Amino acid sequence: MEVLNNTTLPDSADVVVVGGGFAGAATACFLVLRGVRDLVLVEAEDHFGVHASGLNAAMARQVTSDVVTNEVLRASVAGITRTDGLWAEPVEVRPLGSLLLVGPGESPLLQAAGEAARAGLDCRIVDRADAVARVAVLRETEFDRAVFTASDGVVDIHALLWRYLGAARAGGVRPAPGVRVESVEVEAGRVRAVRTTRGRVACRVLVNAAGAWANRVAATAGLPPLAMAPFRRHLMTTPPLPFVQADWPFVWDTVHEYYFRPEVGGLLLSPGDQDPAEAGPVLRDPRALETLAEKLARHCPRLAGVPVSRWWAGLRTITRDGRFAVGWDTRLGGFFWVAGLGGHGMTASCAVGGFAADLVAGRPVDDRWRTAMDPMRLA
Ligand SMILES: Cc1cc2nc3c(=O)[nH]c(=O)nc-3n(C[C@H](O)[C@H](O)[C@H](O)COP(=O)(O)OP(=O)(O)OC[C@H]3O[C@@H](n4cnc5c(N)ncnc54)[C@H](O)[C@@H]3O)c2cc1C
């Protein structure tokens, strides 16, 4: 991929996208597909996707408690897996399915699952026996029922990110890693330019896809923060385990908030921790290992004591209401948010990128999506 250096960063561009994770890469990709080609994608790190977008659990989950978010997730998985020629290369999605464990009684998740099924998603409620037949280690686990979604799965996240970046580049986008936006220049109530570590780029539109740093980028434009914040979450992997079957669906206990899935002969697991954090380098906390051990011992005893071979942490940026923040900032002309993607940004990237590009390009969008994701509800 062509990489911009000091001499090639342009003086001006129609659109500057800030952030080279899933949010920025997918938006740049779809802007190009919509015909917006005078675009620069800047990423502070020397490589793309090193933060949340490279550190996530790679699970495509299409059922949450929120009906509109589920529509976005469904559309996105359909977009990621489509094979009608839009994408040059297929991205591997292992269709393992998913089991979301739930307790007794009705819950918003079950209602949303019902709604998703009526809309055509291959999800259904299964009883304990069915769930245990699929994943034997759930035999002593406390849960009442589970939502099984057959088309959920595990995505090759690096291939997906590079698909967006590759399509953007093929359409003329100049990706610029190692370039940090330091401030946003404003004139007469509009974005006028970004000042970067490699100089000033005048622009008409700034797409703020800076993940955990999005409020900081906005602050340099004089904008008060949106109601969203980064939270740290840990992931762990085990060495190969003889009892793990590579075709298990991923299991998410929505009552006790931990999850696991097959990963190269062993498991990838999360204790479901969610601690407030600062945007920046993420330090691991050994207490997360204890939390995982305690949750497994108490809620999934057949996995108690599994050895951990590797563990890491990343930041999920979560909005006050859990919905994404994608849209124009009406307080400052030309300032556009693609942020607050929480724990679903990889799965949602295809639909979010397309939706964001439609808005930036002035194309019609679904009004329900516009309202649900309007960043101004968080201002
Ligand atoms: C542990 C964990 C597990 C997860 N599991 C899943 C999962 O299974 N499925 C799923 O769908 N999602 C999952 N997620 C969520 C998903 O990873 C995120 O929603 C998604 O990656 C967010 O993408 P992003 O582009 O908004 O942020 P990021 O990937 O953080 O990208 C933002 C980029 O902006 C850059 N940047 C910041 N400031 C500047 C600046 N001033 N100038 C230039 N560049 C800047 C940063 O360097 C960064 O690369 C998980 C997240 C974590 C942490």
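Domain bounds, as used here, come from an automatic or database domain assignment. In the predicted model, this assignment divides the chain into domain 1, comprising residues 12-54, 158-227 and 321-378, and domain 2, comprising residues 94-151 and 230-313. The C-alpha centres of domain 1 and domain 2 are separated by 31 Å.

An open sheet is built from three strands, which follow one another in the order β3-β8-β4 with antiparallel pairing. The edges of this sheet are taken by β3 (59-60) and β4 (93-94); each has a single partner strand, so one side of each is left without a neighbour in the sheet. In general, strands of a sheet pair through backbone hydrogen bonds, in either a parallel or an antiparallel arrangement. Between β4 and β8, the latter spanning residues 153-155, the antiparallel pairing extends over two bridges. Within this part of the sheet, Arg-94 is found opposite Val-154 of β8.

The residues of β3 also take part in contacts with a helix. Helix α9 covers residues 345-360 and includes Thr-347. Beyond residues up to four places away in sequence, Thr-347 touches Met-59, Ala-60, Arg-61, Leu-73, Ser-76, Val-77 and Ile-80. The relative accessible area of Thr-347 is 2%, and because buried means under 20%, this residue is classed as buried.

Arg-61, one of the residues touched by Thr-347, is also placed against an aromatic side chain. The charged end of Arg-61 sits over the ring of Trp-252, at 4.5 Å from the ring centre. A second arrangement of this kind involves Arg-128, which lies over the face of Phe-143 at 4.7 Å from the centre of the ring.

Nine aromatic pairs are found in a search of the whole structure. In one of these, Trp-252 and Tyr-259 form a tilted pair, with 4.3 Å from centre to centre and 40° between the planes. The pair counts as tilted because an angle under 30 degrees would be stacked and an angle over 60 would be edge-to-face. Both partners of this pair are buried: the relative accessibility of Trp-252 is 8%, and that of Tyr-259 is 5%. Trp-252 thus appears in two settings, with the charged end of Arg-61 over its ring and with Tyr-259 as its aromatic partner. Elsewhere in the chain, Phe-22, Phe-30, Trp-87 and Tyr-164 together form one aromatic cluster.

Note on methods:
Residues numbered from 1 in each chain as written. Predicted model: local features only at pLDDT ≥ 70, side-chain atom pairs only at ≥ 80, totals over all residues. Heavy atoms only, no water. Pairing = 2+ DSSP bridges. Helix = DSSP H or I, 4+ residues; strand = E, 2+ residues; numbered from the N terminus. Buried < 20%, exposed > 50% of the residue type's maximum accessible area, 1.4 Å probe, protein only. Contact = heavy atoms within 4.5 Å. Phe/Tyr/Trp six-rings, centres within 6.5 Å; stacked < 30°, edge-to-face > 60°. Lys NZ or Arg CZ within 6 Å of the ring centre and 35° of its normal.
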